[in-house]
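Colleague: I am new to this structure and would like a close look at a single part, the place where the ligand sits. Please take me through what surrounds the ligand and what the pocket is made of.

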Amino acid sequence: MDNLERIKCQKMADEIADNVALSLGVYEAFCNTPREIFVPVGRYAYDLLAQPIDGSQWISSPLTVAKMTMALEVEGVDKVLEIGCGSGYQAAILSHLAHRVFSVERIASLAASSRVNFESLGLRGVHVRHDDGRSGWSSFAPFDRVLLSCATPEVPKRLFDQLAQGGILVAPIESNGAQNIVKFKKLSATEIVSEVLDECLFVPLLSGTA
Ligand code: SAH
């Protein structure tokens, strides 16, 4: 990462911090992740806006990435599962905070380009799988944290099954045409509590691969 990239990242992190309460670790993760690598139109990379990426998909606004990341309480945990790797920006942020990030993406071209992005930044803790993320990634379960980066009316049961006891799952939940970030905590195999946080806007969780 060169100096100019670092200055641009820090300016964006400061703007995020004006809107969302950030821990020092999450603030630094934003400062150390050049968003211009992940978006096709580099000119707008540091605006606080969602951006179009390949496959008619969207990389979320940095404000949404910040809210999701803070809700996940991810600093220092071992394994995080993300569903919907897209450009890889959210996974790259998570990789500065957790030991290992496992991200599933249903669109082959996006899974491939996100791997290139991680390699170019030397991020070795992120693993990408081209698959339907509704099945999770069972060989690495249980996960301490699970993040859905696409919206669904209901979290697939298998994702809760792959969440460790005491673990947190954050997802954009769609109901009556609106979406909200919801934070779930798995207290035991049978008891899950949830809390509705902010409004959000994500592309839908789809079935199958492309
Ligand atoms: N976290 C991404 C946001 C990508 S948008 C980023 O930082 O860029 C949501 C992504 O979820 C899209 O790439 C879409 O293809 C993917 N997606 C939707 N349904 C999915 C599924 N069932 N399994 C895996 N990925 C899925």
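Modeller: This is a predicted model, and the residues are numbered from 1 along each chain. I will start with the ligand and then move outward.

The ligand sits in the largest pocket. Around the ligand there are 27 residues, and the closest are Trp 58, Ser 87, Glu 105, Gly 133 and Leu 206. By type, this shell divides into 13 nonpolar, eight polar and six charged residues.

Three side chains can be picked out by their polar atoms. Glu 105, one of the closest residues, has a polar side-chain atom 2.6 Å from an oxygen atom of the ligand. For Asp 132, a polar side-chain atom lies 2.9 Å from a nitrogen atom of the ligand. Ser 149 also places a polar side-chain atom by a ligand nitrogen, at 3.4 Å. As for cover, the ligand has 580 Å² of accessible area on its own, and the protein covers 99% of that area.

Next, the elements that supply the shell. At least two residues each come from β2 (57-59), β3 (79-83), α4 (89-95) and β4 (100-105). The largest share is that of β2, with three residues.

Now the pocket itself. The volume of the largest pocket is about 460 Å³. Its lining has 34 residues, and those nearest the centre are Trp 58, Gly 84, Ser 149, Cys 150 and Val 203. Two or more lining residues are given by each of β2, α3 (62-72), β3, α4 and β4. Here too β2 gives the most, again three residues. The lining divides into 18 nonpolar, 11 polar and five charged residues.

Trp 58 therefore appears in both lists: it is among the residues closest to the ligand and among those nearest the centre of the pocket. Ser 149, with its polar side-chain atom 3.4 Å from a ligand nitrogen, is also among the residues nearest the pocket centre.

Two points of the backbone remain, both in loops. Most residues other than glycine have a negative phi, and most peptide bonds are trans. Glu 73, in the loop between α3 and β3, has a positive phi, near 45 degrees. Its loop follows α3 in the naming, and α3 is one of the elements that line the largest pocket. Pro 142 lies in the loop between β5 (126-130) and β6 (143-148). The peptide bond that leads to Pro 142 from Ala 141 is cis, with omega near 5 degrees.

Key: This is a predicted model: local features need pLDDT of at least 70, side-chain atom pairs count only at pLDDT 80 or more; totals for chains, interfaces and linings use all residues. Side-chain values use heavy atoms; hydrogens and water are left out. A residue is near a molecule or strand if one of its heavy atoms lies within 4 Å of it. A polar contact is a pair of N or O atoms within 3.5 Å; within protein, one must be able to donate a hydrogen and the other to accept it, and residues adjacent in sequence count only if both atoms are side-chain atoms. Accessible areas come from the Shrake-Rupley method with a 1.4 Å probe; for residues, only the protein chains shown count as cover. On a 1 Å grid over the protein atoms alone, a cavity is a set of points where a 1.4 Å probe fits but cannot get out, and a pocket is an open set with protein on both sides within 12 Å along at least five of seven lines; lining residues have an atom within 4 Å of a point. A molecule sits in a cavity or pocket if more than half of its atoms lie within 2 Å of its grid points. Helices (H or I, at least four residues) and strands (E, at least two) are DSSP runs, numbered from the N terminus. Ala, Val, Leu, Ile, Met, Phe, Trp, Tyr, Cys and Pro count as nonpolar, Asp, Glu, Lys and Arg as charged, and the others, Gly among them, as polar. Grid points are joined across faces, edges and corners, and a volume is the space filled by probe spheres set on the points.
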